[in-house]
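Here are my notes on this model, as numbered points. Please read them beside the coordinates.

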Amino acid sequence: MFYVSKRQNDDMLRLVRALQIAAAENERLQDEARATELRAMIGNVAHDLKTVSYYLLNSCVSTMLLLCVWSLD
């Protein structure tokens, strides 16, 4: 009887340890996925800002060139 109880206790201890390891691995993978998602989001925002600033700068330069041409006439 004592042997069976000790064996069940050891089995449960191994199971709990395995679950703790699995939970830690799951948390690590979730953190990694969040970091990857955050990097992608930052990259998209940076690209959008760069695109808007490029078109804004291009519009300003075009307007300045047009004003210079008009002032020469």
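1. Asp11 and Arg14 form a salt bridge, with their closest N and O atoms 2.4 Å apart. The term means a side-chain nitrogen of Lys or Arg within 4 Å of a carboxyl oxygen of Asp or Glu. Both residues lie in helix 1, three residues apart, about one turn of the helix. Helices (H or I, at least four residues) and strands (E, at least two) are DSSP runs, numbered from the N terminus. Asp11 is partly exposed at 33% relative accessibility, while Arg14 is exposed at 51%. Buried is under 20% relative accessible area, exposed over 50%, and partly exposed in between (1.4 Å probe, protein chains only).

2. On provenance: this is a predicted model, in which local features need pLDDT of at least 70, side-chain atom pairs count only at pLDDT 80 or more, and totals for chains, interfaces and linings use all residues. Residues are numbered from 1 along each chain as its sequence is written, and side-chain values use heavy atoms, with hydrogens and water left out.

3. How many salt bridges does a search of the whole structure find? Five. One of them joins Arg28 to Glu25 at 2.7 Å, N to O. These two are three residues apart in helix 1, so about one helical turn separates them. Arg28 is partly exposed at 42%, and so is Glu25 at 36%.

4. Arg34 and Asp31 also meet in a salt bridge, at 2.6 Å from N to O. Here too the partners are in helix 1, three residues apart, about one turn. Arg34 is exposed at 51%; Asp31 is partly exposed at 39%. Glu25, Arg28 and Glu32 are joined into one network by salt bridges that share partners.

5. The fold is quickly described: one helix and zero strands. The radius of gyration is 31 Å, well over the 11 Å from the globule rule for 73 residues, so the chain is more spread out than a compact globule. That radius is taken over C-alpha atoms, and the rule is 2.2 Å times the number of residues to the power 0.38. Along the principal axes, the C-alpha atoms fill a box of roughly 110 × 5 × 5 Å.

6. What share of the 73 residues counts as buried? The figure is 0%. The accessible surface comes to about 7000 Å², with 67% belonging to carbon and sulfur atoms. Accessible areas are from the Shrake-Rupley method with a 1.4 Å probe; for residues, only the protein chains shown count as cover.

7. Look at the nonpolar surface patch of Leu38, Met41, Ile42, Val45 and Leu49, with about 490 Å² of accessible area together. Patch members have over 30% relative accessible area and no salt bridge; like charges are joined within 9 Å, nonpolar side chains (Val, Leu, Ile, Met, Phe, Trp, Tyr) within 5 Å. Leu49 lies in helix 1, which spans residues 2-72, and is exposed at 57%. Val52 sits in helix 1 as well and is exposed at 56%. Its C-alpha atom is 21 Å from that of Leu38, 14 residues apart along the chain.

8. Disulfides number zero, the cut-off being a pair of cysteine sulfur atoms within 2.5 Å. Why is there no bond for Cys60? Its closest cysteine sulfur, in Cys68, is 13 Å away, too far for a bond. Both are partly exposed, Cys60 at 39% and Cys68 at 44%.
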